[in-house]
Every structure is written in C-alpha cells, then in structure tokens.
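Q: Please take a close look at the largest pocket of this structure, and at the parts of the fold that surround or supply its lining. A connected account for a reader new to the structure would be welcome.

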Amino acid sequence: MLQYIDTHIHLDGEEFSADRDAVVARAREAGVQKMLIPGINLSSADSIREVCTSYPGFCLGMIGLHPEDVNADYEAQLSALHAHLLQPAFPVVAIGEIGLDYYWSRDYEKEQREAFERQVEWGSETGLPLMLHCRKAQNDMVAILKRHKDARGIFHCFTGNEIEARELLSFPGFCLGIGGVLTFKKSNLPQTLADAVPLERIVLETDAPYMAPVPHRGERNESAFIIHIIEKLAEVYQTTPEEVARITTDTAKRMFSL
C-alpha cells in the first residue's frame, strides 16, 4: 500500500462535522499517514484543537490568520493567535494558512501585507515552516519573502505557470503544494511541473473539502482521494506511484519535522 501525507486539509470545518470519523478511517485505509490542518483565524485554533485531540498523532495543526480573514481587528487576532502559538493546546507543525489574497477585495490590502509579514516573522521566531496562500498577489508576496531569507515552507495550492513556478522555487526553503487541480482536463499544471518543478520540490495536499480531483470533481474532497493526484504525478514525471509517494512523503516529513 502507498503511504503518504495530506499536508493541507480543513478537517475541522463544518463540512466534515457529520462524518469526520469515517473520513479519517477512509484516509487511514487509503495509506494516509498524517493529516495536517491549517488554521484560518482565532476560532479555528479551538476547532483544530478538538480535531487533533480526537485523532492524536494522526492529525496535526497549524496556527495562522488567513488573508481573507484580515479585517479591522487583525492586530487583536494576531496577538491572540501568537499567544496560542507560544503555548499551543495541540501539536503545531506550521504557521498557516497565511498569505495575501487580492482576488475578492483589496479593501484591506495594506493590513494583509502587515499581517502576513508579522506571521512570517513568527516562523523565524519559532523555527516553524509557513503554509502560504497567494492569489493575485505574487509580486507582493515575493517582495516580502525576500526580506526574510530564513523563511521556509509550502506555497499551497500552486496552479501557476512556469515563470511563476521558477520564481517561487528560487526560495530554496520552499516547496509547492499540489492538489486536485493537477487532474483537471484543461489544467496546464502537468506541463508546468514537467518543465519547471523537480519532484523533490512537491508535497501532496487536498485543500479538502475543496477542489476534489478527477474522478471526484464536484464532490466534497477528502484525503483518501490523494491517490488520484499521485497517479497523475507519476504520469507527469514518468515514474511509479510508489516513487511519487515516497519522495513527496520524505519532503513533507523534512519540512514539518515529522
């Protein structure tokens, strides 16, 4: 059986409240070794704690303020999240999900940048990697990261082109999180990865409950579906699913100190 790690699943979300035990059981049966749960705001620190307590050693959490949750009270949220980070109530493996998102609104653009840089500094303070979200904001994200040479982590949900991939991978401590978009019929991601991204710079993720891979597209996503991403990566890199699982798992273990 293939063994692998889902580096990004919102398992604490209400989408899983009715059958979370079954989702975890299917993940274990499919070969998932760990499920990593990103935080998005202050309240998620509590919901993640509950999940990690329910599945000790299997579910591991993160702490962070998502850019879409940055608003007028972001400084108060950051202060409270930082306190959680210094005295965690669950196993914290990364700072995240943090980043920049100008897609829906630019009302809090300045605040997003300030919140992002503050949390990048937490990575330096704690030695933890960063789980980064970026949409329509790569130039600003890159500019900030260039000021933090010791930063490392994952560019979550990468779906960009070859130029964007090469720019992100110019940061030696970072990898790309690859999920279900890889399997979409019209996705250019397979060619981008083949041309510009070494397999050793990839980790697997679902971003569940979102973006389920083919043949489950349109369904609620879950960790057990990662097998379809592995099979597509094996095709892209002309190797075996076993090799894809081994390499991406080794990378995830190093990144998150598992």
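A: The account below begins with the pocket and then turns to the cavity, the sheet, the helices and some details of the backbone.

The model is a predicted one. Its largest pocket has a volume of about 870 Å³. Lining this pocket are 33 residues, and those closest to its centre are E97, H133, R135, H156 and C157. By class, the lining of the largest pocket comprises 14 nonpolar, ten polar and nine charged residues.

Several elements of secondary structure contribute to this lining. At least two residues each come from α2 (42–54), β5 (130–135), α5 (138–145) and α6 (162–168). The largest share belongs to β5, which provides four residues of the lining of the largest pocket.

One residue by the centre of the pocket, C157, deserves separate attention. C157 lies in the loop between β6 (153–155) and α6. Its phi is positive, at about 55 degrees, although C157 is not a glycine. In general, most residues other than glycine have a negative phi, and most peptide bonds are trans.

C157 also appears in the lining of the largest cavity, together with F158, T159, G179, G180, V181, L182, L189, E205, T206, D207 and M211. The model has one cavity of 30 Å³ or more. The space in the largest cavity amounts to about 50 Å³. Six nonpolar, four polar and two charged residues form the lining of the largest cavity.

The strand β5, already met in the pocket lining, belongs to an open sheet of eight strands. The strands of this sheet follow the order β1-β2-β3-β4-β5-β6-β7-β8, and their pairing is parallel. The edges are occupied by β1 (4–6) and β8 (202–204); each has a single partner strand, so one side of each is left without a neighbour in the sheet. From one strand to the next, the twist averages 30 degrees.

At one end of this order, β7 (residues 174–178) pairs with β8 in the parallel sense over three bridges. Within this pairing, L176 has I202 in β8 as its bridge partner. Helix α1 (residues 20–30) packs on the sheet and touches β1 and β2 (32–37). The direction of α1 makes about 135 degrees with that of β2.

Helix α5, which supplies residues to the pocket lining, is also in contact with another helix. The axes of α4 (residues 109–126) and α5 come within 11 Å and cross at roughly 35 degrees. The crossing of α4 with α5 is right-handed. On the α4 side the contact involves E109, R113, F116, E117 and V120, and these meet D140, M141, I144 and L145 in α5. The residues of this contact divide into five nonpolar, no polar and four charged.

Two further details of the backbone concern the loop between β8 and α8 (226–236), where P209 is placed. The peptide bond from A208 to P209 is cis, with omega near 15 degrees. P215 is likewise in the loop between β8 and α8. The peptide bond from V214 to P215 is cis as well, with omega near 15 degrees.

In review, C157 links the topics of this account: it is among the residues closest to the centre of the largest pocket, it lines the largest cavity, and it has a positive phi.

How values were computed. Residues are numbered from 1 along each chain as its sequence is written. This is a predicted model: local features need pLDDT of at least 70, side-chain atom pairs count only at pLDDT 80 or more; totals for chains, interfaces and linings use all residues. Side-chain values use heavy atoms; hydrogens and water are left out. On a 1 Å grid over the protein atoms alone, a cavity is a set of points where a 1.4 Å probe fits but cannot get out, and a pocket is an open set with protein on both sides within 12 Å along at least five of seven lines; lining residues have an atom within 4 Å of a point. Grid points are joined across faces, edges and corners, and a volume is the space filled by probe spheres set on the points. Ala, Val, Leu, Ile, Met, Phe, Trp, Tyr, Cys and Pro count as nonpolar, Asp, Glu, Lys and Arg as charged, and the others, Gly among them, as polar. Two strands pair if DSSP finds at least two bridges between them. Axes are lines fitted to C-alpha atoms, for helices over the stretch in contact, and angles run from 0 to 180 degrees between N-to-C directions. Contact means heavy atoms within 4.5 Å. A crossing is left-handed if the near helix is turned anticlockwise from the far one by less than a right angle, and right-handed if clockwise.
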